[in-house]
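Here is a quick walk through the inside of a protein model: its cavities, its cores and a few buried polar side chains. Have the coordinates open as you read.

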Amino acid sequence: MLFDLDLVNKVYKELPAKIAAARAILNKPLTLAEKILYAHAYHPLTQPYERGKDYVDFSPDRVAMQDATAQMALLQFDTCGRSRVAVPSSVHCDHLIQAKDGSKADLTRAMDVNHEVYNFLSSICNKYGIGFWKPGAGIIHQVVLENYAFPGGMMIGTDSHTPNAGGLGMIAIGVGGADAVDVMAGLPWELKMPKLIGIKLTGKLSGWTAPKDIILKVAGILTVKGGTGAIVEYFGEGADNLSCTGKATICNMGAEIGATCSLFAYDQKMANYLKVTDREEVAALADGVKEHLRPDAEVYATPEKYYDQVIEINLSELEPHVNGPFTPDLATPISKMAEAVAANGWPDTIEVALIGSCTNSSYEDISRSASVAAQAKAKGLKVNSEFTVTPGSEVVRFTTEKDGYFKTFDEIGGVILANACGPCIGQWARHIDDPSRKNTIVTSFNRNFAKRNDGLSSTHAFVASPEIVTAYAIAGKLSFNPLKDKLTNKKGEQVMLDEPKGFELPPNGFSVGDAGYQAPADSSHQVKVIVDPQSQRLQLLEPFPAWEGTDLKGLRLLIKVRGKCTTDHISMAGPWLKYRGHLDNISNNMLIGAINFFNMQTDSVKNSLTGEYGPVPATQRQYKAAGIGTVVVGDENYGEGSSREHAAMEPRHLGVRAILVKSFARIHETNLKKQGMLALTFTDKADYDKVQEDDVIDIDGLTEFIPGQQLTVVLHHSDGTTDEFKVNHTYNQQQIEWFKAGSALNLIRQQFANA
């Protein structure tokens, strides 16, 4: 399908002049990220923006939402006062389909269980002019890559893996729903000017090594927060040698290093992908401005002068990597895995191997994996693990099935799941005899935090390329190295797997029956969006209260979190996804996965009103009923992972007033600000240790709340002593106005009411 041709044409017509203006103001050659960012500035350029410091207003070209986050985003948009979205927008139904029995049965069950939500999303998309992709159409990021992404464009999406579109040369950034509301309402979108990390790729991949191994290697170098506040820009001959979908895989998983987004320059591989996905006109337009869709020549020549950090990777020397368990940045070369398994006591038997997801479900991924699977049959090998395959879209599914790859998977016992997120986000009815037993799974997904895939803390999840995962399914052992180890077939013979072979793009092109797209109604006057007041899945929103105009006194400590606290810990997915449109119901999962510093347990905190320990949400509801505000104290990189704004809205809804941590993940900090919360960081991280379980807490300085000026926290301990220390914030004046109004949406509503 061809969408947005007029939009793309407009962007490209304006691009040369905008880039020339930016180059004149910066007075230097430009990276690709700088070209796209400055070309999408909301206001006319008058001065350079300082990386990592200046907040900038941008005008994204498009908004993309998945069904789990779209519910809350559109419930918010429904209250802002507009009759249509101001920019092209789409909703993709991919998160609510649980993987259990196979694609057909799972999709049928999802349509029944989630019919209320799907009907709501379909109708509200019709009303506001939003494209709607039905259940089964595919995973948001793959569908966006096939239909909407274009080189040099800018998009925001309500999913942390939105940067997948960087594989087609687009700045695509994951945000919370409130940010999406701003853009859909026609307002500027604010972002701190990102720093730039340049990754120079030399050489060429070969053999068992895949594009996935590049980002697995990078994750090991930069860690889960090494990319925070930065755009990662890949360049060099090695970058141009990668397939477009391989580039997308790398950009997708860039979310695991905290990067704002990742980006590749326009090249022939991208042009080929545009053409095979029926966007020849877009490729022709991009060819016409190609020099503006790549970094300037001087940047290639001396990258260290133009990036804040430069990393070089020789693809000819790169070997396959396996990352995990429990964190996506624990990177181990395949040659060292057997040693690591033994040294760490990781369960060696692989119980389930899963390929696909938004990260690795392209035609290339499936064809290369199928070549490994075909060897299993030809060489008399059997699969020794459960094995599942998740296509990324109906286009990919239809084409790969037509070309015979699904038959290959089926012959070795592979199960084809629906075109949806499934196990990658915890939507998986895992079959296991003892949920408490330590076990190992391997996936080609992107995220592997504890409980992420199956809700079991005992599961050790490892991430690798689809080819390696398929080899693991055949071997059944984590210590297996397909590059050198032999396997015993059913005849007792010792055989080795050959290097995977595949096709970058389908030799006969893509084809599909029904791609699953529903265009919005031309006129929305007769379209009604109905939400049953008694619904347990959907709930209309009430505005959050405005700030009372005083310092915050007499707050209680809800929980002091120890260690990693992702948005999965704050607002779990899995079975809780069904409540993503009902704020009060989903708030019953608030922080139930976080570890309490004082007893090392999850979902068990001391209630200062009763002195008893109980669940976090129930305890917070008692504080709210008593009119007592609370504080959550956290560790490093608090809120990493998914972009889900529920992790900010739930504490706000239940009466938490401030989140005080050692450091924040970017998206979560913004989400907190958007919802009118205080997002604060310790000036001295050692002050974290001063917080005690029974503290009564004051936050002073709010009556003089201004950018750059610290606030003061006073801890009143139960023994009568106090501790007082300064805390930092990153609020600019606009964000302070959000806080005062009670939320960014409250301010938007006021602006439209006064217009």
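To sort a cavity lining by residue type, Ala, Val, Leu, Ile, Met, Phe, Trp, Tyr, Cys and Pro are counted as nonpolar, Asp, Glu, Lys and Arg as charged, and the others, Gly among them, as polar. On that basis, the lining of the largest cavity here splits into 6 nonpolar, 10 polar and 4 charged residues. Bear in mind that this is a predicted model.

**Cavities**

How many cavities of 30 Å³ or more are there? The count comes to 11. The two at the top of the list look like this:

| Cavity | Volume | Lining by type |
|---|---|---|
| Largest | about 210 Å³ | 6 nonpolar, 10 polar, 4 charged residues |
| Second largest | about 170 Å³ | 8 nonpolar, 7 polar, 6 charged residues |

Twenty residues line the largest cavity, and A255, G258, G641, A665 and I667 are the closest to its centre. Helix α23, which covers residues 666-674, gives the most to that lining, with 3 residues. The second largest cavity has 21 lining residues, and the ones nearest its centre are H95, D159, H161, I425 and R452.

**Cores**

The largest nonpolar core has 181 residues, and the members touching the most others are L74, I171, L201, I214, Y234, F409 and Y472. There's also a second, separate core of 49 residues, with W547, V561, V616 and F725 among them. Back in the largest core, I171 makes a handy starting point: beyond its neighbours within four places in sequence, I171 is in contact with A33, I36, L37, G153, M154, M155, I231, C261 and L263.

**A helix under cover**

Helix α16 runs over residues 394-402, and its buried residues are E394, V395, V396, R397, T399 and T400. What covers them includes α6 (140-147), α15 (363-378) and α17 (405-411). After α16 comes G404, with a positive phi near 90°.

**Buried polar side chains**

Start with Q76, which sits in helix α3 (residues 67-77). Is Q76 buried or exposed? Q76 counts as buried because its relative accessible area is 2%, and the cut-off for buried is under 20%. Leaving out residues up to four places away in sequence, Q76 touches G177, A178, V181, L541, E645, M649, Q675 and L745.

The other two share a loop. S458 lies in the loop between β17 (439-443) and β18 (459-463), and N448 is found in the loop between β17 and β18 as well.

S458 is buried, with a relative accessible area of 8%. Apart from residues up to four places away in sequence, S458 touches P435, S436, R437, K438 and N439. A polar atom of the S458 side chain lies 2.6 Å from the backbone oxygen of P435. From S458 to D434 is 24 residues in sequence and 9.8 Å in space, C-alpha to C-alpha.

N448 has a relative accessible area of 1%, so N448 is buried too. Which backbone oxygen does the side chain of N448 reach at 3.0 Å? That of A461. The backbone oxygen of T327 also lies 3.3 Å from a polar atom of the N448 side chain. With residues up to four places away in sequence set aside, N448 touches N323, G324, P325, F326, T327, P328, A461, F462 and V463. K501, by contrast, is 53 residues from N448 in sequence and 27 Å away in space, C-alpha to C-alpha.

Conventions
Residues numbered from 1 in each chain as written. Predicted model: local features only at pLDDT ≥ 70, side-chain atom pairs only at ≥ 80, totals over all residues. Heavy atoms only, no water. Core = buried A, V, L, I, M, F, W, Y, C linked by side-chain atoms within 4.5 Å. Buried < 20%, exposed > 50% of the residue type's maximum accessible area, 1.4 Å probe, protein only. Contact = heavy atoms within 4.5 Å. 1 Å grid on protein atoms, 1.4 Å probe; cavity = no way out; pocket = protein on both sides within 12 Å on 5 of 7 lines; lining within 4 Å. Points joined across faces, edges and corners; volume = space filled by probe spheres on them. Helix = DSSP H or I, 4+ residues; strand = E, 2+ residues; numbered from the N terminus. Polar contact = N/O pair within 3.5 Å; in protein donor to acceptor, adjacent residues only side chain to side chain.
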